[in-house]
Amino acid sequence: MPISPERLQSIWYGGAPAPWWLRALTPVYATLRGLAQLPYRLRLRRPARLDAPVVVVGNLTVGGTGKTPLVIALVEALRARGWIVGVVSRGYGRKTRGVRLVDHTSTAAEVGDEPLLIAQRTKAPVAVGEDRVEAARRLLGVVPLDVLIADDGLEHLALPRCCEIVVIDGQRGFGNGAMLPAGPLRAPLSRLDQVDLRVRNGGQAQPGERTMSLRITGLRPMAAGPVEPVSRWAGRRAHVVAGTGNPERVFASAREIGIEV
């Protein structure tokens, strides 16, 4: 039974009731998730060994919460302290498979838009791959790293980690609190008890959380050209197109700097 993205969003975040068949699929998803993780829980399988500590930046919900901006900020902060930092990502949305290193010739179709953005903004070495362990090994084989940041990968238990950071959407939170597909959660809320740091992107921090905020400092043309100051756009009308997990956040940010959307 098909369901539109708009109705799904209204169920997950708008308080609309989930149909019975959607609720019935939630235990199926939870069981499959549990079976996939069971070998690691029983210690029949163990995370791989890597030559650098790994910091995992993830989220519990489907869609964007602000992981990529936080990864960029972490890379820049660690580099300022003299550390050599690399990034691994799955590369969602790319049209290729396997492990690929991001370089100056890479395109979003080859490596995914978020890894490409991280590489362009930070100049850090970045590798993408469905198998995050193989991507990490490939990257470590090319350049010695002091620390590796995984953009997503919270549920990828084969990937070792010394620290887990969960990013929470300050506007939408955890929605109705249900797991997929009746709700937006990829893991139960109890998973929060196991992470090292919870970061709320916008909104009011809850006990035990830190906060982050995104601030627009300029508008960059898609074609070549200088970055324009936000003051130049105040009072102007514009069409705003967003491809993020929470597009309403983009529209609200545009309005905050004076753009009539």
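# Working through a predicted fold

Pro181 sits in the loop that runs between E6 and strand E7 (197-201). Keep in mind that the model is predicted. Let's start with that loop.

## Exercise 1: A proline and its partner across the chain

Task: Find out what kind of peptide bond joins Leu180 and Pro181, and which residues Thr26 touches beyond its sequence neighbours.

Solution:

- Step 1. Look at omega between Leu180 and Pro181: the value is about -5°, and the bond is cis.
- Step 2. Put that in context: most peptide bonds are trans.
- Step 3. Now jump to Thr26, which is part of helix H2. Leaving out residues up to four places away in sequence, Thr26 touches Met179, Leu180, Pro181 and Ala182. The two residues of the cis bond, Leu180 and Pro181, are among them.
- Step 4. Check the separation. Thr26 and Ala182 are 156 residues apart in sequence, yet their C-alpha atoms are 6.2 Å apart in space.
- Step 5. Decide whether Thr26 is buried or exposed. Its relative accessible area is 16%, so Thr26 is buried, because the cut-off for buried is under 20%.

## Exercise 2: Does the length of H2 add up?

Task: Work out what helix H2 (residues 20-41) should span, and compare that with the distance between its end C-alpha atoms.

Solution:

- Step 1. Count the residues: H2 has 22 of them.
- Step 2. Use 1.5 Å a residue, which gives an expected span of 32 Å. If you wonder about the arithmetic, the 1.5 Å is multiplied by one less than the number of residues.
- Step 3. Compare: the end C-alpha atoms are 31 Å apart, which agrees.
- Step 4. Look for a bend. H2 has a kink of about 30° at Leu35, shortly before the proline Pro39.
- Step 5. See which side chains are tucked away. Buried residues in H2 are Trp21, Leu22, Thr26, Arg33, Gln37 and Tyr40, and helix H1 (5-13) is part of what covers them.

## Exercise 3: Two unusual phi angles

Task: For Arg43 and Asp152, say what is notable about phi. Then sort each one: is Arg43 buried or exposed, and is Asp152 buried or exposed?

Solution:

- Step 1. Recall the usual pattern: most residues other than glycine have a negative phi.
- Step 2. Take Arg43, just after H2, in the loop between H2 and E1. Its phi is near 60°, which is positive although the residue isn't glycine.
- Step 3. Take Asp152, in the loop between E5 and E6. Here phi is near 80°, again a positive value in a residue other than glycine.
- Step 4. Sort them. Arg43 has 60% relative accessibility, so it counts as exposed. Asp152 has 8%, so it counts as buried.

## Exercise 4: Mapping the cores

Task: Which elements each supply at least two residues of the largest nonpolar core, and what does Leu159 contact?

Solution:

- Step 1. Start with a general idea: in soluble globular proteins, nonpolar side chains tend to be buried together.
- Step 2. Size up the core. The largest one has 29 residues, and Val54, Leu60, Val88, Leu148, Leu159 and Val166 have the most contacts inside it.
- Step 3. Name the suppliers: strand E1 (54-58), helix H6 (132-142), strand E5 (147-151) and strand E6 (163-169) each give at least two residues. H6 gives the largest share, with five residues.
- Step 4. Note that there's a second, separate core of 24 residues, including Val75, Leu78, Val147 and Ile149.
- Step 5. Zoom in on Leu159. Beyond its neighbours within four places in sequence, Leu159 contacts Pro47, Leu50, Val54, Val56, Arg132, Val133 and Ala150.

## Exercise 5: Charges over rings

Task: Which ring lies under the charged end of Arg236, and which under that of Arg172?

Solution:

- Step 1. For Arg236, the ring belongs to Trp233, and the charged end is 4.0 Å from the ring's centre.
- Step 2. For Arg172, the ring belongs to Tyr13, with a distance of 4.3 Å to the centre.
- Step 3. Place Arg236: you'll find it in the loop between strand E8 (209-212) and helix H7 (247-256). At 37% relative accessibility, Arg236 counts as partly exposed.
- Step 4. List its other contacts. Outside four places in sequence, Arg236 meets Glu228, Gly258, Ile259 and Glu260. The C-alpha atoms of Arg236 and Ile259 are 5.3 Å apart, with their positions 23 residues apart in sequence.
- Step 5. Check for ring-to-ring pairs too: the structure has zero aromatic pairs.

Technical notes. Residues are numbered from 1 along each chain as its sequence is written. This is a predicted model: local features need pLDDT of at least 70, side-chain atom pairs count only at pLDDT 80 or more; totals for chains, interfaces and linings use all residues. Side-chain values use heavy atoms; hydrogens and water are left out. A nonpolar core is a set of buried Ala, Val, Leu, Ile, Met, Phe, Trp, Tyr and Cys residues joined through side-chain atoms within 4.5 Å. Buried means under 20% relative accessible area, exposed over 50%, partly exposed in between (1.4 Å probe, protein chains only). Helices (H or I, at least four residues) and strands (E, at least two) are DSSP runs, numbered from the N terminus. Contact means heavy atoms within 4.5 Å. Rings of Phe, Tyr and Trp (its six-membered ring) pair if their centres lie within 6.5 Å; planes under 30 degrees apart count as stacked, over 60 as edge-to-face and the rest as tilted. A charge sits over a ring if NZ of Lys or CZ of Arg is within 6 Å of the ring centre and within 35 degrees of the ring normal. The bend at a residue is the angle between axes fitted to the seven residues ending there and the seven starting there.
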